[in-house]
Amino acid sequence: MTQADFEFIRDLAYSQTGIVLPDRKRHMVYSRLCRRLRALRINDFRQYCLLLQQQQEQELGHFINALTTNLTSFFREKHHFEFLRDELIPRWQKRADKRLRIWSSACSTGEEPYSIAMTLEPFFAKSPWDLKILATDLDTNVLTKAEAGLYPPENLENLPGKLMDKYFQPKGNVFKVTDDAQKLVFFRQLNLLESWPMQGPFDVIFCRNVLIYFDNPTKKKIISKFRQLLSDDGYLFIGHSETLHHISDEFDLIGQTIYRPNRRLNHF
Ligand SMILES: C[S@@+](CC[C@H](N)C(=O)[O-])C[C@H]1O[C@@H](n2cnc3c(N)ncnc32)[C@H](O)[C@@H]1O
């Protein structure tokens, strides 16, 4: 991979996904795309860049799927789930409108939205409650896995036994998320960089461990759009190494990587 090839790949990744690939990620880019080159039986990166130029529509999805980092786990950064359980659930139970909307906006292989579902299901799954968890990601491969809801035992090691028994059924040598949790989650492909079809308002938006891949102008655009879709008394959860400091003045930090809108929006 020459410097020119790397720069072409870096610029395409940035324009299509917002993901910034600095020079220090060159080796990672090389090894992730090598797998794709092998699958296509292409011998060098020059040829692959030409293919991306000539047949961008067909190849772009594979290119993006190869470059995304999808690391996730059940109940990752558990303080967010404790905040849901200890602060939000008791408050929401008193709500008159009985409608809850949660968005997991970079859901990867589904562990995050299913963890949300398992936290909320005992309280809000039945009528008169109307609970929906929207789970979106750019990468179509991870969405296929998320929708299947099948996980190897090693991915479930940190789950409390009672959640394991309630929400997973053995299926061959893997475990399947039960319908009770799965029926609450709606998976869709969505690029955070493009326009979003949802109207909101959401009660909580999870945007965890994806802002780190973006530069400040991209973060600012996305965070300001989150504000538009978040209810005035909603919450935004971000990842452990992320901050809204210097990114947005529309939110107050009220807990560990937990933000609240600080002004009412005039929706008219
Ligand atoms: C490291 S994972 C984080 C998963 C989960 N939120 C968590 O914290 O465990 C980052 C995810 O962001 C997704 N992603 C990257 N760029 C994106 C974009 N422009 N729009 C939507 N999702 C994106 C990737 O496909 C990947 O699945």
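A polar contact is a pair of N or O atoms within 3.5 Å; within protein, one atom must be able to donate a hydrogen and the other to accept it, and residues adjacent in sequence count only if both atoms are side-chain atoms. The model is predicted: local features need pLDDT of at least 70 and side-chain atom pairs pLDDT 80 or more, whereas totals for chains, interfaces and linings use all residues. Residues are numbered from 1 along each chain as its sequence is written, and side-chain values use heavy atoms, without hydrogens and water.

**View 1. Polar contacts of the ligand with threonine 17, arginine 208 and asparagine 209.** A polar backbone atom of arginine 208 is 2.9 Å from a nitrogen atom of the ligand. For threonine 17, a polar backbone atom also lies 2.9 Å from a ligand nitrogen. Asparagine 209 places a polar side-chain atom 2.8 Å from a ligand oxygen. The protein buries 99% of the 610 Å² that the ligand exposes when taken alone (Shrake-Rupley method, 1.4 Å probe).

**View 2. The aromatic pair of tryptophan 196 and phenylalanine 226.** Rings of Phe, Tyr and Trp (its six-membered ring) pair if their centres lie within 6.5 Å, with planes under 30 degrees apart counted as stacked, over 60 as edge-to-face and the rest as tilted. The count comes to 17 aromatic pairs. Tryptophan 196 and phenylalanine 226 form a tilted one, 5.4 Å centre to centre with 35° between the planes. Tryptophan 196 lies in the loop between strands S6 (185-189) and S7 (202-207) and phenylalanine 226 in helix H10 (residues 216-229), so the pair ties together parts 30 residues apart in sequence (DSSP runs numbered from the N terminus: helices H or I, at least four residues; strands E, at least two).

**View 3. An aromatic cluster.** Phe75, Phe81, Phe83, Phe206, Tyr235 and Phe237 form one cluster.
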